[in-house]
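Colleague: Could you take one part of this chain and go through it closely? I would like to see how its residues are arranged.

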Amino acid sequence: MVDFLAENNSCGQAILLIVSRGNAIIAELLRLSEFIPAVFHLRDKSDQHKYGDIICDFSYFKGPEYYENKLEAKAELQDIDEEFRENNIEILSRFYLAFESVHKYIVDLIRYLDDLNEGVYIQQTLETVLLNEDGKQLLCEALYLYGVMLLVIDQKIEGEVRERMLVSYYRYSAARSSADSNLDDICKLLRSTGYSSQPGAKRPANYPESYFQRVPVNATFVSMVIGRLRSDDIYNQVSAYPLPEHRSTALANQAAMLYVCLYFYPAILHTQQAKMREIVDKYFPDNWVISIYMGITVNLVEAWEPYKAAKTALNYTLDTANVREQASRYATSLDSLRPQVQQLLKEGFLREEIVLDNIPKLLNCLRDCNVAIRWLMLHTAESAYDPNNKRLRQIKDQVINDSKYNSKILFQLLLDTAQFEFILKEMFKQMLAEKQVKWESYKKEGSERMTELAEVFSGVKPLTRVEKNENLQAWFREISKQIESLNYEDSTAAGRKTVQLIQALVEVQEFHQLESNLQVCQFLADTRKFLHQMIRTINIKEEVLITMQIVGDLSYAWQLIDSFTSIMQESIRANPSMVTKLRATFLKLASALDLPLLRINQANSPDLLSVSQFYSGELVAYVRKVLQIIPESMFTSLARIIKLQIHDIMEVPTRLDKDKLKDYAQLGPRYEVDPKQLLEDGVRKELVRRVAFALHKGLIFNPKAKTSELMPKLKEMTATMDGFFRSFEYIQDYVSIYGLKIWQEEVSRIINYNVEQECNSFLRTKIQDWQSVYQSTHIPIPKYPPVDESATFIGRLCREILRITDPKVTCYINQMNTWYDMRTHQEVTNNRLFSEIQDTLGTFGLNGLDRLLCFMIVKELQNFLTMLQKTILRDRAVVDVFKGMLSVVNPVKGIVANASKVYSSAVTKTQKIWVAYLDAILKVGQMQILRQQIANGLNYSCKFDSKHLAAALENLNKSLLADIEAHYQDPSLPYPKEDNTLLYEITAYLEAAGIHNPLNKIYITTKRLPYFPIVNFLFLVAQLPKLQYSKNQGMTCRRAADPVDWPPLVLGLLTLLKQFHSRYTEQFLALIGQFIRSIMEQCTSQRIPEMPSDVVGALVFLEDYVHYTKLPRKVVEAHVPSFIFDEFRTVL
C-alpha cells in the first residue's frame, strides 16, 4: 500500500494540509491577540464617549438602518467614523482573515470527511484511514486543533471585542456587498459565548460544548476519534517511558487531545460513567492539571465541574489520600534526583565509555527528572488554580505542603536536568557522527593484532621464548580474516559474530596455556578490548536521541516558565556564569517549537517561516526579558556614576566593577541569536527605559507657577542627560560597545517617537505603534499616561513655551530676540532658551519641536478658515459692510473721500468679529517666531558642529533652486520627476540644519474666498489704534489692558496671506497704500502737520512686510509714493 503521507497519496496530503493549516491559524490568532486595538475594549470613559456610537456589537444587525441614520444625523460623528475607519481598517482586515480561516478550516474538514464517505479517495474510507498510523494521528489532530482554535479565540479575544471588530469590519469593508462572502457564517460561529478569561468570572451554561456545536461535525467521526484516543497509544509514546508509573506522562499529549475532543461529544462527560472512569484511570490517575497546546493549562477539577460522570470519575484521583501519595512521591524523588544529577554533571564525569556502558541508567534518570519537573510545575502553578474557588485552593495547599514545594529547588533541578540533557545529547550526536569511523578503526586495530600474533607463532618474528606453532598461526590468521570480514551495515550479524570472537579469544588463552607469555596475553587482551569497543559503538543508536527528545519535552511550560523569571534573574545577579546553564534551559524550551511546526514542515507549507518566526520570536523575547537583568545591573552601577558625574565637579574615575561586568558580558557564542547583539539590545532597552522615564518625569510643568519652571527644569534635565551620556561613555569600553552611536540612535528614537505620538493628535490617520518606524518590539519605547492635554513630554515642553511667550501677556522685541512681560517689562525669556533645549534634547529635540509647531500652525490655520467661512462670511450685516467698503475703495488706485470717517465706520460695524480673528493671527505669528528662532539655533550649531554638511546642503539647495527656476523659464531643461524623492528628502535635511524660512512655507491648501483682501485690510486697520510707535522699541502696545504684540501680528498676517494666491496679497497691499494716501490727503487738506499714528503703523507694517519677505522695495512703492516714505523716515 502507498505510504499515507506520500506526495502522490491525495487522501493523506489533503488531511495533512488541513492539519498544517490548523497549526498556522492558531499561531496567527496568538500573534494577533497582542494587537487588539485598545479602543475596541471601550474601557476608558473618553473612548466610550467618543466612539460609543460608532462601535457596536451584534445588536447592530437587528437594525443597521437605525445605527447608520444616527451617524448620518451628526456631521462630527461621520467625521469620527471616517477617521476611525482609516486608522483601523488594516488591522480589522487581518483579524477578519484570521476569523475567516477558522471557519474555512472546519468547512474544509467537513468536506474532507464527506469525500471520504462518498468514496472520492479510491480504496479509502474513514475506517481504513483510522487503521493507518499516520491517518489516525492526523484525523485526531484535525478535530483537536479545531477545538483549540475555538478555545484560544475565546481566551485571547473576548466575545464582545470580537463582535465589535466583526461589525466594524462589516461596516467598513466591501465584504457585505459580495455574494460569495461567508460573513454571516463567521458571525454565527464567533458570536460572544459570554465567557470571560478574567479571574473570578462566572462560566456560562453549557460552555464550551454549545460553542463547539455551532458548526455541527459528523457524529460518527467524533465518536471514532474519541474511541481511538481512548484505547490506542496513537503516537507510540509508551515505548519511550517503559515504567508503569510514567504512563500518564507518556500519554499526556494524547490526554490533552482527548480532553478537547470530548467537548464535541458532551454526553460522555455528562452521563457515560464507565467510559469516563476508563479515561480517568488511563490518563488522569495521578494528575489533574494538563497543558492543552503550547503551554495553555487547564485544571480538570474546574473544567469538569458541570459534568456529572466526569466529576465523579475524577473524584477518585482527587481523593485526599491519592493527592498526598502523589505529592509525597515527587517530594521523595526530588530529594534523591538532585544529588544524582549534580554528581553526573561534575566536571569529567560524563566520559564516553561511562555513557556507553550506562545508557539505560542515564535515560532512566532523565525520565525521572522530567516527569517530576512536569508534575510539580503543572500542579503547583498559580495560573492553574482560581483563587476564588475554595476546593481548588485546598487541593493546591495540600500539594504544596505534601510535596514540600520550593520553587528555587525545582528551578535548580530544571537547570541541572537541562544541562545534563544538553551534554548527553551533544555527546550522542558526536558519537553518532563518528560511529562508523571509530568502528572501522577498532576493527583494523583488532585484525592487525591477530595478524601480528600469527606471525609470532610462525617462529620468524623474534618474540622471546615463543615456539613455532603452525596450528595457532593458521588459527590467528583465520581470526584476523573473520574480524576483517565484519560488516558495519549488517550490525546485528556483526554484533553476534563479535561476541563469538571474544569468546574464542578467551578460550584460546585457556586451552593453549598462553597465560605464561605476558606479551601474547597483552595482545589478546587488547584485541578483546577493541572487539568490546566495536560492540559498544555498534549499539550507539539514533533511537536514544529520539527517546531523549520525547522525554525532554518542555512545551507544557511555554507559559508557566514565566513564573520562574524572577528566580532566573536573581540567580544571574548573584552569579553571572549561571547564564551557561540557562542557555541549556532555553534550548530545552526551544524544543517546544517542534510541536506546531512538525505538520507544517511535513506538508511543505509556506506558513513554516511565519509560524516558526512567531514562536521563536516569542522565545527570543522571553530570553531577552530574562537577560535584561544584565543591563539593569549595569545601569544600577551607572546610576551611582551619574550621581557622581552630576554632583562632583571633578572628573570622577568610574566605580563600576569591571570584572563583574566582564562576566555579565561574556555570554560567549551560546545563542543562535548573536549574544553580543543580545547584550547590546539589552543595554539599549535599559537606556531607553531610563532616559524615557527621566524625560517624562523631568518635563512636567505647573502652569500656575508664578515664575515659569521652564528654564530651571531644562537646566536640571541637561545635567541628567549629560550625566547619562558621560557615564555611558565611560562604560562602553568595559562591555565593548559603541556607546556614542547607541546613545545618539536611541535618544533620537525616543524623541522622534514622542514627536510622532504628539503629532498623532493632529492627524486624521494616526500612526499606530506597530506602524511606527521608531517603535520596536525588542527595544520598546515606553508609553506613559498623559498628565495634561499633551500626550508626551515634547507636547508639554512646546505648550509651556507657547504659554510663557503668549502675545497677550508678552511683548517680543525682534532686535533683541527677547520676550518681555507687558505689565512689569521684565524679561521673560530669550533665544538662549533654544540653546538650552538643544543641550537637553539634542538637535533631534529641537527639530522635533519644530515639526510639532508645524502641525500646530496647520491646525490653527484650519480652525481659522473654518471660523472665517462658517461665522464671518455667513453674518449678513458684516458681509454688507464688506460689500459697501468694496464699492467705496474702487478703484484702488484712487483716493477715498472723507477717509477717516469711512474707515472708522467700517471698523466699528465689524468690531465683534475681530477678537477671535486677532487671537488666531497672533497664535500663528507667535509660532512662526518660535520656528524662526529654532531654525537660527539649528543653523548656528550645524555650521559649528558640521560645517561641511552645512556647506554641502547650502550649495545643493542653491543649485537645485537654480535648476528649477531655469526649467520654468525653459521647460526643455531637466526637472525632478514625480517619482523622484530628491526634493522631499533634501527638505528633511535642510529643516534639520535650519536652512529654511518658515515664513515661505505653504501649510494648508486653500480655495478662493470672497472679500478676503478687504477682511484682512479692515482687520489690520482695526488693530492700529491699539498700537503706538516708539523710537527705541518700534511698534508697541498702548494699553496692557488691550494687548496686541506687533511682530506676531505682522508674521501671522503674512503667513495667512502666503497660503492664498499672490493676487490677494497684491490687493491687500494696494488697500493699505490707498489707506495711507487717503488719510495723508485728508491731513494735507485739513492742514494737520503731523503724520497720524495709524498711517505710521501702516507704513511700519509695509516696511516690516518687505523686511520679512525679503522682497524688493518697489513692491510697496508701487502703492505708496516714495516721498511719503521719506517723510515717514524723518518721523523715525
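Modeller: What follows is a close look at helix 22, residues 470–485. This is a predicted model, in which local features need pLDDT of at least 70, side-chain atom pairs count only at pLDDT 80 or more, and totals for chains, interfaces and linings use all residues. Residues are numbered from 1 along each chain as its sequence is written, and side-chain values use heavy atoms, with hydrogens and water left out.

Helices are DSSP runs (H or I, at least four residues), numbered from the N terminus. Length comes first. The expected span is 1.5 Å times one less than the number of residues. Helix 22 has 16 residues, so it should span 22 Å, and its end C-alpha atoms are indeed 22 Å apart.

Next come the sides. A residue is buried under 20% relative accessible area, exposed over 50%, and partly exposed in between (1.4 Å probe, protein chains only). In helix 22, Leu472, Gln473, Phe476, Ile479, Ser480 and Ile483 are buried. These residues lie on the same side of helix 22, because they cover an arc of only 125° around the axis; the arc is taken from the directions from the helix axis to the C-beta atoms. An α-helix has 3.6 residues a turn, so residues three or four places apart point the same way. The other side of helix 22 has Glu470, Asn471 and Lys481, which are exposed.

For contrast, a word on cysteines. A disulfide is a pair of cysteine sulfur atoms within 2.5 Å, and the count is zero. The sulfur of Cys56 is 13 Å from the closest cysteine sulfur, in Cys187, which is too far for a bond. Cys56 is buried, at 7% relative accessibility.

Terms used. Helices (H or I, at least four residues) and strands (E, at least two) are DSSP runs, numbered from the N terminus.
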